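Hello,

Here is the structure I promised to pass on to you. Please open it beside this message, and my notes on what turned up follow below.

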Amino acid sequence: MSTVRTRFAPSPTGYLHVGGARTALFNWLHARHTGGHFILRIEDTDRVRSTDASVQAIFEALQWLGIDYDEGPFYQSDRLEAYNTHIDRLVDAGHAYYCTCAPEAIEAMREKARATGAKPRYDGTCRDKGLGPRPGAVVRLRAPFTGTTVVNDRIKGAIVFANEELDDFVLRRGDGMPTYNFAAVVDDMTMNITTIIRGDDHVMNTPKQILIYQALGHPLPEFAHVPMVLGHDRTRMSKRHGATSVTAYRDMGLLPDAFINFLARLGWSYGDQEFFTRSELIEKFTLERVGKSAGVFDPVKMTALNADHIQAAAPADLAPHLRPFLAARGWDAADDAYLQAAIATLQARSKTLVEMAEQAHFYFNDAIALDEKAAAKFLKANVLDPLRGLRDRLVALATFDEKALEEVFAQVMEQFDLKLGKIAQPVRVALTGTTVSPGIFEIITVLGRERVVARLDRAIDHIVHKTP
RNA sequence: GGUCCCAUCGUCUAGCGGUUAGGACGCCGGCCUCUCACGCCGGUAACCCGGGUUCGAAUCCCGGUGGGAUCACCA
């Protein structure tokens with residue numbers, strides 16, 4: 001059995017969107033699972049809509065997703081020679097022919113056909129004229145009128161098309177560029193692609209492509225059409241459903257591993273399991289377990305999965321992902337050990353890296369802003385002495401760890417007859433400026449004695465000056 | 001409209017003739033607790049409809065309905 005070869009073949013006419021990312025992912029997973037090769041090919045035969053910025057955007061998105069390729073990127077625009085030699089083969093063999101019909105004329109014949117309820121297809125005016133190459137002429141496939149073409153899909157099973165539904169479609173445009181269907185077949189053929197995994201929206205192209213394979217006398221690859229990703233209104237996902245660009249999810253603070261986990265589970269399942277690491281995905285992914293029906297993209301569930309991944313990750317692995325978000329806020333996270341310690345306290349309370357960065361504010365801002373309401377409620381004269389007592393004991397503490405801290409708090413609580421809640425909240429406000437944060441002992445330990453004492457002093461000062 | 005695909009809780013899904021139809025997200029209770037979270041316990045909620053086949057259908061077949069995709073010298 002020959003080794004599996006899959007490919008992702010986006011057209012660079014915009015950013016990489018969610019559906020494309022999932023197609024890329026499934027191709028990649030199938031290749032990695034089987035020990036095959038994954039190839040990247042840029043389908044830029046549309047000279048008008050293709051842009052270099054889009055190509056870069058696609059690279060950037062794939063890199064973030066962690067989807068690497070073994071061959072490529074190949075550009076169809078570099079391969080015109082290959083398409084032309086195959087066109088010549090087809091014309092010489094009589095499987096294709098030159099056509100000089102004007103686009104307007106063809107549109108007119110389609111209109112007419114639609115009006116009479118007939119199929120809007122090319123009428124074959126040039127089919128038997130035996131025309132040779134000439135400027136502006138297109139090349140059409142001589143397609144069969146009768147019979148049937150069947151797609152044996154790995155996901156959907158056998159799909160039968162009557163050939164009379166197809167017409168002599170264009171293989172090469174008047175400007176010499178191949179059409180999508182032709183270029184895709186020539187490329188898949190010459191790149192020895194064994195398994196074509198792509199979106200559902202391509203099934204209607206498949207019989208046309210099969211006809212081309214047959215005309216070229218080449219064995220068929222396997223096809224696997226993955227169901228669509230829908231928006232909340234069950235229509236194909238688009239801009240009006242919110243963010244569709246992959247990099248937008250990066251910027252929202254998703255972890256790439258969480259994102260691919262979510263994408264994989266949208267359409268693919270493995271029993272009751274929801275959480276998959278990247279290597280588990282590779283190990284367990286098979287086309288057999290890809291479902292047949294389209295699925296709605298649920299950002300809430302995606303975020304929940306992201307929270308699970310954040311919680312399961314090692315702080316050291318999270319740090320590089322969090323850094324850009326800290327930097328964007330102008331915070332200095334150069335101290336890696338400090339950053340990781342801070343992360344460890346935030347993992348259970350962050351659904352996204354954005355949330356984590358926001359909650360990390362007090363770790364990276366020594367000039368913390370005291371929330372007005374919080375200060376008014378908790379930094380009052382009645383806690384002045386307990387805070388002072390705590391401060392002095394902390395300064396005197398020999399070992400500054402959670403165990404010692406708990407003892408110190410216990411002493412202060414007993415001395416002033418306070419419950420932990422009564423002292424923890426004022427301290428929390430003093431250290432973070434707000435009433436919400438990780439556990440009080442955790443943040444004291446992470447912040448370290450110097451910062452803690454300085455902030456307690458500030459709070460004490462605040463009480464002294466703001467309170468009558 | 002033609003052609004093609006699809007159909008289990010609101011959503012993602014498990015199920016591949018016999019299950020109290022399971023899990024996850026969400027939502028609602030409760031517990032835990034120094035705040036917020038995490039976690040834990042419990043609850044809510046589904047087989048699109050109609051015919052067959054079968055001792056027995058969510059599972060197989062047919063029809064309907066609904067949704068989606070596609071009908072280019074775009075990919």
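Let me begin with the aromatic rings: there are 14 aromatic pairs in this structure, which is a predicted model. One of them joins Tyr270 and Phe276, whose rings meet edge-to-face, with 6.4 Å centre to centre and 80° between the planes. How does each partner count, buried or exposed or partly exposed? Tyr270 counts as partly exposed, because its relative accessibility is 33% and the buried class requires under 20%. Phe276 has a relative accessibility of 0% and therefore counts as buried. Both residues belong to a cluster linked by ring pairs, made up of Phe26, Trp268, Tyr270, Phe276 and Phe285.

Rings also turn up beneath charged groups. Lys208 places its charged end over the ring of Phe169, at 5.3 Å from the ring centre. Arg451 does likewise with Tyr338, its charged end sitting over that ring at 4.3 Å from the centre.

Now to the nonpolar interior. In soluble globular proteins, nonpolar side chains tend to be buried together. Here the largest nonpolar core comprises 55 residues. Which of its residues have the most contacts inside it? They are Leu322, Tyr363, Phe364, Leu387, Leu394, Val427 and Ile444. The element that gives the most to this core is helix α19, spanning residues 440-447, with 6 residues. A second core, separate from that one, has 44 residues, among them Phe38, Val229, Phe259 and Leu281.

Leu394 is a good residue to click on. Apart from neighbours within four places in sequence, Leu394 is in contact with Phe400, Leu405, Val408, Arg449, Val452 and Leu456.

Finally, there is a sheet to look at. Three strands make up an open sheet, ordered β4-β5-β8, with antiparallel pairing. Why do β4 and β8 each have one side without a neighbour in the sheet? Strands β4 (96-99) and β8 (170-172) stand at the edges and each has a single partner strand, so one side of each is left free of a sheet neighbour. On average, neighbouring strands of this sheet are turned by 45° against each other, direction ignored. β4 pairs with β5 (residues 138-141) in the antiparallel sense over 4 bridges. Within this part of the model, Cys99 stands opposite Val138 of β5.

Happy browsing, and do write back with your thoughts.

Best wishes

Definitions and conventions:
Residues are numbered from 1 along each chain as its sequence is written. Chains are lettered from A and ligands numbered from 1 in the order in which they are written. This is a predicted model: local features need pLDDT of at least 70, side-chain atom pairs count only at pLDDT 80 or more; totals for chains, interfaces and linings use all residues. Side-chain values use heavy atoms; hydrogens and water are left out. A nonpolar core is a set of buried Ala, Val, Leu, Ile, Met, Phe, Trp, Tyr and Cys residues joined through side-chain atoms within 4.5 Å. Buried means under 20% relative accessible area, exposed over 50%, partly exposed in between (1.4 Å probe, protein chains only). Helices (H or I, at least four residues) and strands (E, at least two) are DSSP runs, numbered from the N terminus. Contact means heavy atoms within 4.5 Å. Rings of Phe, Tyr and Trp (its six-membered ring) pair if their centres lie within 6.5 Å; planes under 30 degrees apart count as stacked, over 60 as edge-to-face and the rest as tilted. A charge sits over a ring if NZ of Lys or CZ of Arg is within 6 Å of the ring centre and within 35 degrees of the ring normal. Two strands pair if DSSP finds at least two bridges between them. Axes are lines fitted to C-alpha atoms, for helices over the stretch in contact, and angles run from 0 to 180 degrees between N-to-C directions.
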